[in-house]
Amino acid sequence: MTPEQLSNAVRDALGAAVEAGEITLPGGVPDHVLIERPRNPEHGDYATNVAMRLAKQAGTAPRELAERLAHRLREVSGVERVDVAGPGFLNITVAAGAQGELARSIVVAAESYGRTNTLAGTRVNVEFISANPTGPLHLGHVRWAAVGDAMARVVEAAGADVAREFYINDRGSQMDKFGTSIMARAQGKDVPEDGYHGAYIAELARAIVADRPEILDLPEDEQLAAFREEGYRLQLAEQQSQLDEFRTHFDVWFSERTLHESGQVEHGLDVLRKQGHVFDADGALWMRTTDFGDDKDRVLIKQDGTYTYFASDTAYYVNKRERGFDVCVYLLGADHHGYVGRLKAMAACAGDDPDRNIEIPIGQLVKIVRDGQEMRLSKRAGTMLTLGEVVEAAGVDALRYTLCRYPADSPLTLDVNQITRQTSDNPVFYVQYAHARLSSILRNAAELGIELGELQPELLNHERESLLLAALGEFPRIVATAAEYRQPHRVARYLEDTASTFHRFYDVCRVLPMGDEPAADIHRARLWLVEATRTVIANGLRLLGVAAPERM
RNA sequence: GCCCCCGUAGCUCAGCGGAUAGAGCAGCUGCCUUCUAAGCAGUUGGCCGCAGGUUCGAAUCCUGCCGGGGGCGCCA
């Protein structure tokens with residue numbers, strides 16, 4: 001019996017009680033009843049607070065209401081016991097047989113266990129990182145690489161149609177500074193004060209000159225453009241290979257330039273004009289974002305006739321919507337939180353619902369500590385720790401997992417020494433170890449010629465088996481919730497809890513026969529449970545983009 | 001000046017309207033004569049920043065204050 005089925009049973013019990021005239025619900029029977037797993041095992045396998053929630057509306061004391069539901073629930077097949085407890089909780093214990101069936105459902109569902117359709121029919125665009133192609137990605141970007149990708153995977157698992165998108169900021173003055181810096185290096189001159197000073201600039205210059213020695217003979221302006229474009233090409237390829245190594249794959253790499261070249265900026269402005277929130281003032285073109293709560297209006301076209309960065313943003317948003325995305329998620333760092341108000345207002349100016357069509361989760365920046373000292377990240381000074389360097393030191397799995405197990409809006413301090421140590425300090429090893437252990441049992445079973453065979457679910461009645469089954473049953477709800485709130489860390493925390501529940505089961509419940517003992521039904525039933533557990537851990541790790549090793 | 005995020009165990013952090021507030025690490029004590037001890041069991045450790053309010057019930061929601069971090073004033 002899954003929590004979902006139980007939730008429906010409670011709802012049906014409510015409906016039946018209303019029909020029988022035992023209770024009255026002026027607000028009607030709720031569509032969905034919340035079923036939780038109580039912390040305290042004495043409170044049964046599942047609990048619900050419906051009686052307390054509906055007591056006022058029903059005009060009945062919570063405990064009394066609970067009693068009226070309890071006697072109906074006791075008749076439900078698969079429900080073993082129902083207690084009314086505390087202020088009016090319904091504590092429900094599920095029959096071992098009904099609960100054991102869950103192992104079969106999970107094994108049969110295999111890789112699709114955990115998928116739901118709670119977001120089916122929704123097209124979601126998740127944009128993250130979106131760095132300038134003027135340098136390597138560094139640890140400041142890496143959190144979004146891990147969280148953004150995991151968020152996309154989780155939302156996808158809830159049935160949404162998802163695109164991961166990287167907006168390439170390949171236009172504007174930073175690109176010129178980038179070109180100027182490379183050219184200066186190539187010519188053996190000093191990089192301007194406000195240019196890029198990292199060692200990679202010299203490497204780019206060397207690579208470009210080696211590939212095109214004649215570049216240095218070009219007139220200064222052509223040479224600058226050539227260095228800028230060659231540098232752009234190489235640096236973008238470098239970013240893409242960094243992300244590839246980090247197992248973060250984008251569906252769309254969207255160049256800001258193409259917005260301008262294809263006339264989409266003008267088109268975006270047309271859309272806004274039609275909505276009536278654009279006006280001229282002081283020789284500039286403005287968007288009246290204050291109509292929708294922004295603290296001031298925003299310039300689209302400056303007095304000198306050039307577009308602002310915000311004009312690109314607007315056109316890009318309109319473009320995304322025209323490509324059919326219902327929800328546009330922008331994962332931004334706290335250093336960009338000032339954009340939230342104007343982006344939301346911009347969406348409203350475009351005629352959209354800012355509470356539905358655009359979401360802007362703000363991620364707190366990652367603080368990095370090494371040898372007890374905070375490291376400052378400065379692309380220009382060239383002292384940053386690149387994504388590649390961190391991946392090399394910590395490994396993709398440990399890094400991705402560590403970054404994903406905290407909510408994005410929570411400040412995070414990464415101790416470089418700690419994450420590079422690859423010891424059990426990192427919970428990823430705990431979870432992966434559970435998977436390796438599970439795989440090992442299944443491997444040994446295969447060697448012994450023991451097959452799953454026919455499951456006898458009622459044999460899985462040990463307390464630790466029961467707890468494990470209950471934990472496995474939570475998985476789809478956890479994924480759906482993580483997707484709804486765009487919080488993949490919930491999956492990581494769930495995996496840690498479930499790994500712990502498994503280790504405790506393993507400690508007490510022998511799965512395979514000992515010595516010459518013949519394989520019995522209990523061994524096969526536990527093997528089903530082991531395969532179900534392995535499936536859940538593997539599926540959960542996959543949602544985080546972390547490997548599920550069969551051996552460690 | 002205005003705005004955002006965060007103050008929970010020694011440390012890093014979960015929990016965000018429910019029943020005795022949790023995990024990992026750090027500390028102490030046990031457990032490998034058969035499936036991976038990267039594990040398990042036990043134990044130590046908390047005015048959930050402070051003060052009010054909302055209700056059956058607040059670490060969780062609201063207001064104010066204190067402390068820490070970050071941003072904003074036709075810049076990309």
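This report describes a predicted model of a protein with RNA strand B, taking the RNA surface, a helix pair and several single residues in turn.

## Basis of the model

Because the model is predicted, local features need pLDDT of at least 70 and side-chain atom pairs count only at pLDDT 80 or more, whereas totals for chains, interfaces and linings use all residues. Residues are numbered from 1 along each chain as its sequence is written, chains are lettered from A and ligands numbered from 1 in the order in which they are written, and side-chain values use heavy atoms, with hydrogens and water left out.

## The surface near RNA strand B

Around RNA strand B there are 58 residues, of which Tyr339, Tyr433, Arg437, Ser440 and Asp507 come nearest; a residue is near the strand if one of its heavy atoms lies within 4 Å of it. These residues divide into 23 nonpolar, 18 polar and 17 charged, where Ala, Val, Leu, Ile, Met, Phe, Trp, Tyr, Cys and Pro count as nonpolar, Asp, Glu, Lys and Arg as charged, and the others, Gly among them, as polar. On the RNA side, 61% of the atoms within 4 Å of the protein belong to sugar or phosphate, and the rest belong to bases.

Several elements each supply at least two residues of this surface, among them helix H6 (173-186), helix H12 (339-349), helix H16 (427-447) and helix H18 (489-508); helices (H or I, at least four residues) and strands (E, at least two) are DSSP runs numbered from the N terminus. H16 gives the most, with eight residues.

## Atom pairs with the RNA

Three pairs of atoms can be listed by the part of RNA strand B that they involve. A polar side-chain atom of Arg504 lies 2.8 Å from a phosphate oxygen, and a polar side-chain atom of Arg510 lies 3.2 Å from a sugar or linking oxygen. For Met552, a backbone N or O atom lies 3.2 Å from a base oxygen.

## Packing of H6 and H8

H6 also packs with helix H8 (residues 220-245), at an angle of about 105 degrees and with the axes 8 Å apart; axes are lines fitted to C-alpha atoms, for helices over the stretch in contact, and angles run from 0 to 180 degrees between N-to-C directions. H6 is therefore roughly perpendicular to H8, a term that covers angles of 65 to 115 degrees.

Residues of H6 that meet H8 include Met175, Phe178, Ile182 and Met183, while those of H8 include Leu224, Phe227 and Tyr232; contact means heavy atoms within 4.5 Å. By class, the contact has eight nonpolar, five polar and three charged residues.

## Residues in loops

Most residues other than glycine have a negative phi. Ala110, however, has a positive phi of about 50 degrees and is found in the loop between helix H4 (96-109) and strand E4 (123-127). Asp282 likewise has a positive phi, near 55 degrees, and lies in the loop between strand E7 (278-281) and strand E8 (284-287).

Ala110 is partly exposed, with a relative accessible area of 30%, and Asp282 is exposed, at 59%. Thr308, in the loop between strand E9 (298-301) and helix H11 (309-322), is buried, at 12%. Buried means under 20% relative accessible area, exposed over 50%, and partly exposed in between (1.4 Å probe, protein chains only).

## Glu359

Glu359 is found in strand E12 (residues 358-359), and a polar contact of 2.6 Å joins its side chain to that of Arg486. Such a contact is a pair of N or O atoms within 3.5 Å; within protein, one must be able to donate a hydrogen and the other to accept it, and residues adjacent in sequence count only if both atoms are side-chain atoms.

Methods. Angles under 35 degrees count as roughly parallel, over 145 as roughly antiparallel, 65 to 115 as roughly perpendicular and the rest as oblique.
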